[in-house]
Amino acid sequence: MIIMKNKMKWLMCALTASLVLQGCSSDDDEAIQLPTGTLDGHYYVDIGLSVKWATCNVGASSPSDYGDYFAWGETETKSEYTEDNSVTFGKEMEDIAGDSDYDAARVNWGGAWRIPTADEIGELMNKCQWEWTTMDGHTGYQITGPNGKSIFLPAAGWRNKTLVGLAGDNGHYWCSSPEGSGSSSAYSLGFGKQDFGKYSFSRAVGQSIRPVSGEKDSLVENEVTSGTINGHDYVDLGLSKKCATCNVGASSSSDYGDYFAWGETETKDEYTVSNSATYNKEMEDIAGDPLYDAAQANWGGTWQLPTADEFDELIDKCQWDWTTKGGHNGYKVTGPNGNSIFLPAAGWRGTALYNAGDGGYYWSSSPYEIYSSNAYYLRFYYQYFRSGWADRYYGRSVRPVTE
């Protein structure tokens, strides 16, 4: 019976997609693109992005059908959605894309199907045209990709406790990515008639799932290694300095690594004004100084902290794409020559670790000219990256550069 049920859903998706015609007005049922192909009995459309998008939600019998609702990290539906019966609420988690214990798309559809990552949701938002429309009596968005092909996401609402809320007005679709700053939330795509975006939601609520198929982290590519100095790899991005592939203290390019107060070369348990070695101390630029430069002191050779000007060059001359690698959010930074590095959103340290997964904070070697308590650094979040200055006592990441 289960095999027959899945086969009927497969046929309904195919029939609905093949009968809808292109070119209807927004007052009529809007058209989606004919399916590109099938994977494990489920239709997909290649809309010109890094992954293929399914034509239906998990549990749906057609592209406009709402389908089932899942709490984040759960693979079965339930009659009530609460924090008390959530499997993952309050649990420290990595990205769950493709994980057969937590990914509802993988468990229910099998094969290579999985929940999209936050980066893939970002790609859908940033590279596609979104048009609010109606299909088979259900409102939602027709999303047209760079190649002119499209999918339809119904505004299926969401489930809280026993109720379905805002169906027809809003859509909420889980990403596979947990929110880095806590263990009770995860990212999802949210939309209404006037807007759409990526938001943080309680993992306990029930949301829709639109599966994708394709290699995870497929946007992180071309990260070649150009050479090695003192046992540490670097990439030539086509800028004035070569950039290390990892943070100081990291074991891979996506690993957060260690945190240092500005002008200090060792880690510590807490980062405060009272235990800062350079706070309110008049300093010159510390690049290459083994007494103050954490890159030089820990890696040796010609490694050093980047200057504020070198960070500005990285910002102004490179392409920045928010993505996920090794389960960690961050930016793929591509230089003028096409080579790239990955900067994880490692957060920052004070008396605890803050904003890991949401923001990146990287020290430069340059003191702030006005206040001797501050120094320049690179900071970034989703859709935001620039240089600034902050108190020197904070623990931040260090990404070395070399000649």
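**Buried elements, hairpins and a cavity in a predicted model**

In helix H3, the buried residues are Ala118, Asp119, Glu120, Ile121, Gly122, Glu123, Leu124 and Met125. That makes eight of the ten residues in H3 (residues 118–127), so the helix is mostly covered. The structure is a predicted model, and burial is a good place to start with it: of the 403 residues in the protein chain, 57% are buried. As for secondary structure, the chain comes to five helices and 25 strands. Contacts also reach across the sequence. Taking those between residues at least 6 apart, 59% join residues at least 24 apart.

One residue of H3, Leu124, turns up again in the surroundings of Leu153. Leu153 sits in strand E7, which covers residues 150–154. Is Leu153 buried or exposed? Its relative accessible area is just 1%, so Leu153 counts as buried, the cut-off being under 20%. Leaving aside residues up to four places away in sequence, Leu153 touches Leu124, Gly140, Tyr141, Ile143, Tyr173, Leu189, Phe191 and Arg210. Arg210 is 57 residues from Leu153 along the chain, yet their C-alpha atoms are separated by 8.2 Å.

Further along the chain come strands E17, E18 and E19, linked by two hairpins. In one hairpin, E17 (residues 319–325) and E18 run antiparallel and are joined by seven bridges. Asp321 has Lys332 in E18 as its bridge partner. Two residues lie between these strands, and Gly326 in the turn has a positive phi of about 60 degrees. The other hairpin has five residues between E18 and E19, with Gly338 in the turn showing a positive phi of about 90 degrees. Here E18 (residues 328–334) is joined to E19 by five bridges, again in an antiparallel arrangement. Within this pairing, Gly330 stands opposite Pro344 of E19.

How many of the five residues of E19 are buried? Five of the five, so this strand (residues 340–344) is largely enclosed by the rest of the structure. In a regular strand, side chains alternate between the two faces of the sheet. In E19, Ser340, Phe342 and Pro344 point one way, while Ile341 and Leu343 point the other way, and all are buried.

Pro344 also leads on to strand E22, being one of the residues that Gly360 touches. Gly360 lies in E22, and with a relative accessible area of 0% this glycine is buried. Besides Pro344, Gly360 is in contact with Ala345, Ala346, Leu378, Arg379 and Phe380, not counting residues up to four places away in sequence. Between Gly360 and Tyr382, 22 residues apart in sequence, the C-alpha to C-alpha distance is 9.8 Å.

E22 belongs to an open sheet of three strands, arranged in the order E22-E23-E24 with antiparallel pairing. Why do E22 and E24 each have one side without a neighbour in the sheet? Both E22 (360–367) and E24 (384–391) stand at the edges and have a single partner strand each, so one side of each is left without a neighbour. On average, neighbouring strands of this sheet are turned by 30 degrees against each other, direction ignored. Eight bridges connect E23 (residues 374–381) with E24, the two running antiparallel. Leu378, which also touches Gly360, stands opposite Ser387 in E24. Helix H5 packs on the sheet and touches E22, E23 and E24, its direction making about 135 degrees with that of E22.

H5 also has a part in the largest cavity. In the whole structure, four cavities of 30 Å³ or more are found, and the largest holds about 130 Å³ of space. Which residues lie nearest the centre of this cavity? They are Cys243, Pro306, Glu310, Leu314 and Val401, out of a lining of 13 residues. Helix H5 (residues 308–317) gives the largest share of that lining, with four residues. By residue type, the lining divides into nine nonpolar and four charged residues, with no polar ones.

Key:
Residues numbered from 1 in each chain as written. Predicted model: local features only at pLDDT ≥ 70, side-chain atom pairs only at ≥ 80, totals over all residues. Heavy atoms only, no water. 1 Å grid on protein atoms, 1.4 Å probe; cavity = no way out; pocket = protein on both sides within 12 Å on 5 of 7 lines; lining within 4 Å. Points joined across faces, edges and corners; volume = space filled by probe spheres on them. Nonpolar A, V, L, I, M, F, W, Y, C, P; charged D, E, K, R; others polar. Pairing = 2+ DSSP bridges. Axes fitted to C-alpha atoms, helices over the stretch in contact; angles between N-to-C directions. Contact = heavy atoms within 4.5 Å. Buried < 20%, exposed > 50% of the residue type's maximum accessible area, 1.4 Å probe, protein only.
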